[in-house]
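Got the model loaded and a selection box ready? Let's walk through it stop by stop.

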Amino acid sequence: MLTLERGAEAVVSAAEFLGREAVVKARCPKTYRDPQLDLTLRLARTRKEARLLREARRAGVRTPYVYDIDLREASITMERVRGPRLRDVLSPGLDSLERLCEAVGEALADLHSAGISHGDLTTSNMILADDGLCLIDFSLGSMPASDEDKGVDLHLLRRAFMSAHSDVSGLFDALIGGYKRNNPDAQTALAKAEDIQRRGRYT
Ligand SMILES: Nc1ncnc2c1ncn2[C@@H]1O[C@H](COP(=O)(O)OP(=O)(O)OP(=O)(O)O)[C@@H](O)[C@H]1O
Ligand SMILES: [Mg+2]
């Protein structure tokens with residue numbers, strides 16, 4: 001299998017599932033952990049990620065289809081979403097840039113309105129697919145998500161715009177516009193995000 005990515009926790013490889021292009025995301029054993037605890041953690045994160053990918057889709061947010069879960073290997077086989085990561089293309093020259101930033105805000109609002117938080121919301125975990133923005137990597141998410149969880153999502157996204165994407169930081173307002181449009185309870189989460197920033201957490 002062709003390895004696409006090897007992160008701290010997971011290996012993502014190209015695969016095929018019933019003739020469809022797929023990836024397998026496998027959580028590798030950590031030898032420094034007690035083997036039983038390690039297995040429990042890997043399984044819990046795998047289950048949670050698969051569940052949140054599905055729930056997010058039900059909430060109208062584009063995520064990869066989950067094809068299969070292997071609880072022996074702690075792996076998920078899912079649709080391979082073609083397209084660049086937002087992190088690699090978000091720049092002033094990009095077509096429909098403002099609309100795209102609004103779309104990020106709308107997707108996050110749909111997620112939050114359904115009681116789901118992402119937990120690791122950076123532009124590395126967004127793929128710009130042909131059919132729109134696709135969110136991946138839900139292993140740190142929560143459902144039901146607290147106001148604090150939602151605030152953390154907004155805070156992480158804001159931080160990404162102010163650092164990795166400082167050349168388009170002005171468009172964070174467009175993102176928040178999209179967020180407010182799709183989340184009736186936007187003010188609560190936005191106030192939490194302010195709070196988190198003031199407390200200097202997650203910086
Ligand atoms: N369904 C997918 N389709 C296409 N590429 C994917 C898909 N899932 C993951 N990738 C690629 O693999 C990379 C790593 O995947 P992902 O973000 O899910 O894992 P991670 O950050 O290593 O894991 P974790 O944070 O859960 O430990 C992504 O940035 C993306 O480039
Ligand atoms: Mg990731």
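## Stop 1: a salt-bridge network

Start by selecting Glu9, Lys25, Arg27, Arg45, Glu49 and Asp137, which are joined in a network of salt bridges. Bear in mind that you're looking at a predicted model.

Zoom in on Arg27 and Glu9 within that group: their side chains form a salt bridge, 3.4 Å from N to O. This pair connects distant parts of the chain, with Arg27 in strand 3 and Glu9 in the loop between strand 1 (3-6) and strand 2 (10-17), 18 residues apart. Buried or exposed, what is Arg27? It's buried, at 5% relative accessible area, while Glu9 is partly exposed at 32%.

Now move along to Lys25 and Asp137. They make a salt bridge as well, with the closest N and O atoms 3.0 Å apart. Keep Asp137 selected, since the next stop uses it.

## Stop 2: the magnesium ion

Show ligand 2, the magnesium ion. Which residues coordinate it? Asn125 does through OD1 and Asp137 through OD, at 2.2 Å. Color the backbone around them: Asn125 belongs to the loop between helix 3 (97-113) and strand 6 (126-129), and Asp137 to the loop between strand 7 (132-135) and helix 4 (147-162), so the pair ties together parts twelve residues apart in sequence. Asn125 is buried, with 7% relative accessibility. Asp137 also counts as buried because its relative accessible area is 18%, under the 20% cut-off.

## Stop 3: between the domains

Color 3-79 as domain 1 and 86-199 as domain 2. Their C-alpha centres are 22 Å apart, and the contact draws on 16 residues from domain 1 and 18 residues from domain 2. Together the two domains bury about 1300 Å², with 64% of that on carbon and sulfur atoms. On the domain 1 side, select Leu52, Val61 and Arg62: these lose the most area to domain 2, together 41% of what that side buries.

How many salt bridges cross this interface? Two, alongside seven residue pairs in polar contact. For the secondary structure, highlight strand 3 (20-27) and helix 1 (35-58), the elements that give two or more residues to the side of domain 1 touching domain 2. Helix 1 gives the most, with eight residues.

Next, pick Arg62 again, plus Asp131. Their side chains meet in a salt bridge at 2.9 Å, N to O. Here too the pair links distant parts of the chain: Arg62 sits in the loop between helix 1 and strand 4, Asp131 in the loop between strand 6 and strand 7, 69 residues apart. Asp131 is exposed, with 53% relative accessible area.

## Stop 4: Ile69

Jump to Ile69, in strand 4 (residues 66-70). Expand the selection around Ile69 and you'll find Thr46, Ala50, Arg54 and Ser75 touching it, leaving out residues up to four places away in sequence. Ile69 is partly exposed, at 30% relative accessibility. For a distance label, try Ile69 to Phe161: the C-alpha atoms are 34 Å apart, for residues 92 apart along the chain.

## Stop 5: helix 6

Finish with Arg199 and Asp195, whose side chains form a salt bridge at 3.4 Å, N to O. Both residues lie in helix 6 (residues 186-199), four residues apart, about one turn of the helix. Arg199 is partly exposed at 41%, and so is Asp195 at 26%. If you'd like to keep hunting, the salt-bridge count comes to 21.

How values were computed:
Residues are numbered from 1 along each chain as its sequence is written. Chains are lettered from A and ligands numbered from 1 in the order in which they are written. This is a predicted model: local features need pLDDT of at least 70, side-chain atom pairs count only at pLDDT 80 or more; totals for chains, interfaces and linings use all residues. Side-chain values use heavy atoms; hydrogens and water are left out. Donors are N, O and S atoms within 2.8 Å of the metal (3.2 Å for Na, K and Ca); water is not among the atoms, so sites may look incomplete. Buried means under 20% relative accessible area, exposed over 50%, partly exposed in between (1.4 Å probe, protein chains only). Domain bounds come from an automatic or database domain assignment. Contact means heavy atoms within 4.5 Å. Buried area is the accessible area (1.4 Å probe) that two parts lose on being put together, summed over both. A salt bridge is a side-chain nitrogen of Lys or Arg within 4 Å of a carboxyl oxygen of Asp or Glu. A polar contact is a pair of N or O atoms within 3.5 Å; within protein, one must be able to donate a hydrogen and the other to accept it, and residues adjacent in sequence count only if both atoms are side-chain atoms.
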